[in-house]
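Load the model in your viewer and keep the sequence panel open. The tour goes from one selection to the next.

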Amino acid sequence: MLDYHRLGELPAKHHITFRQQEKLLMEQCVTREGFDGPYSILYFRIPPTDETSVEPRQLPGFCPVSPLERQPLHRRHIRTQESKHEGDFITGRKTLMMNSDVQIGLCKPQQPTAEFFSNADGDECWFAYEGGGVLESLYGLLPYRKHDYLIIPKATPYRLHPEGGKGTFLIFEGRGFIDIPKQFRNKRGQLTMDAPFCHRDFRRPSELLKYDAASHGQAPFRHVVKKNDSLTVHLFKHWPWELAGWDGYTYPVAFNIMDYQPKTGQIHLPPTYHITFAGNDFIICSFVPRKVDYYERNGQKAIPCPYGHASVDCDEILYYVEGNFTSRRGIESQSISLHPAGVPHGPHPGTYEKSIGHDRTNELAVMCDTFKPLLLTAAAARLEDSDYHTTWVQTESAVHQ
Ligand SMILES: [Fe+2]
């Protein structure tokens, strides 16, 4: 929901006749919040309502998925680097953590597919850990690259086409909007001068989709729809994703994490200063290479390493991407830490002191804070480093120094 965008051919007004080669095109209004929210208006050459059949589908670990029954409260480390590439951008999805606001998952596809997918449960945010490719959606082609966030609005038919079929993604599935935080918009809707990004940083679909038999296959064309955490496959005789044009405010966007403009304080700023996107009772933050805290007076200096804390109302996950993760030991690229509300957390022993005097960090990480507790799934349990929560224990000699 960034700003107005349009592609292709459009009639002069909404809801009037619009023909191509004598044929009246089908107008479809994609509306949010009933008819009161943002919307786009699309003009279909072939109506998207002519399914020839509908069949149920199951992908255990994604749909259906449920949390583990027993979950003792402690800090967690999920080693997603140990998860193998498998399936495609639909069949390769695994949900790792969940609550009623957000599901956080992983997808490491190894092959392309002709199928399209849409999530009618809410907006999705895909973070491309590695590799580039193209997001094909009803709204057109949107090339993406390594370390892009892709925001895909609820119920958008799309296909992710990683180069060589292979990619690694962290996925946030919201239950509503995943949007620009409201504090970064002025009263007229424009991004504010002090926002950590500007309109130019966001990339939009640039070209409408055209059917290509080699890439999209032959009828029946398959569209997998997720709704209420179950899947149905809708089969079409005609490829339904060719539009004459569309315009409006709802469409996918790409934003590269390296275009995020971080803020640094004289003394350490809370992680919410790195907010990038906001969902319903959760936020997504970006930690990017930056200068760090610079207070120095009367022999006392800022401590750049994050302070220990008990954020008693939020669970916090960090997905480590690149760089030196100064506050944690045993964490590697693609690790996810989950620090739940109810127990304190903070930097590992030694890392706090070691950070004093550093003037920059090259860490690259994605964080998510949720107000409701995140529950782990069986897929997360299989990847868990079960000793992580005790790795803060210090030796007796260190404690008494
Ligand atoms: Fe924290």
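Which residue of β14 stands opposite Glu124? Select Glu124 and look across to the partner strand: Ile152 in β14 faces it. The two strands here are β11 and β14 (residues 148–152), which pair in the antiparallel sense over four bridges. Strands, like helices, are DSSP runs numbered from the N terminus, with at least two residues in state E for a strand and at least four in H or I for a helix. Two strands count as paired if DSSP finds at least two bridges between them.

Before going on, note that this is a predicted model, in which local features need pLDDT of at least 70 and side-chain atom pairs count only at pLDDT 80 or more, while totals for chains, interfaces and linings use all residues. Residues are numbered from 1 along each chain as its sequence is written.

**The sheet around β11**

Widen the selection to the open sheet of seven strands, whose order is β20-β14-β11-β16-β9-β8-β30, with antiparallel pairing. Its edge strands are β20 (253–256) and β30 (375–376), each of which pairs on one side only.

**The whole chain**

Zoom out. The chain has four helices and 30 strands. Its radius of gyration, taken over C-alpha atoms, is 23 Å, close to the 21 Å that the globule rule gives for 401 residues, so the chain is as compact as a globular protein of that length. The globule rule is 2.2 Å times the number of residues to the power 0.38. Along the principal axes, the C-alpha atoms fill a box of roughly 85 × 45 × 35 Å.

Colour by burial next: 37% of the 401 residues count as buried. A residue is buried if 20 or more other C-beta atoms lie within 10 Å of its own, exposed if 12 or fewer, and partly exposed in between, with C-beta atoms placed from the backbone. Contacts need those C-beta atoms to lie within 7 Å. Among contacts between residues at least 6 apart in sequence, 77% join residues at least 24 apart.

**Two domains and their contact**

Colour 5–70 + 81–256 as domain 1 and 261–389 as domain 2, following the domain assignment of the chain. Such bounds come from an automatic or database assignment. The C-alpha centres of the two domains lie 30 Å apart. Their contact takes 33 residues from domain 1 and 32 residues from domain 2. On the domain 1 side, the elements that give two or more residues are β8 (93–98), β9 (102–107), β11 (124–130) and β16 (168–174). The largest share of that side, five residues, comes from β8.

By class, the domain 1 side has 20 nonpolar, eight polar and five charged residues. Here Ala, Val, Leu, Ile, Met, Phe, Trp, Tyr, Cys and Pro count as nonpolar, Asp, Glu, Lys and Arg as charged, and the others, Gly among them, as polar.

**The core**

Select Ile317 and Tyr319, the residues with the most contacts inside the largest nonpolar core, which has 75 residues. Domain 1 and domain 2 both give residues to this core, so it lies between them. A nonpolar core is a set of buried Ala, Val, Leu, Ile, Met, Phe, Trp, Tyr and Cys residues joined through C-beta atoms within 7 Å. Not counting residues up to four places away in sequence, Ile317 touches eight residues by name: Met97, Ile104, Ile336, Ser337, Leu338, Met367, Cys368 and Leu374.

**An uncovered strand**

Where is a strand that is hardly covered? Select β6 (residues 51–57): the count of buried residues among its seven residues is zero. Six bridges join β6 to β18 (residues 230–236), and the two run antiparallel. Val54 stands opposite His234 in β18.

**Backbone details**

Move to the loop between β6 and β7 (76–79), where Pro64 is placed. A cis peptide bond joins Cys63 and Pro64, with omega about 5 degrees. Another cis bond joins Ala219 and Pro220, with omega about 0 degrees; Pro220 lies in the loop between α1 (213–216) and β17 (221–227).

Last, select Asn298, in the loop between β24 (296–297) and β25 (300–301). Its phi is near 50 degrees, a positive value in a residue other than glycine. With 4 C-beta neighbours inside 10 Å, Asn298 counts as exposed.

Methods: Contact = placed C-beta atoms within 7 Å.
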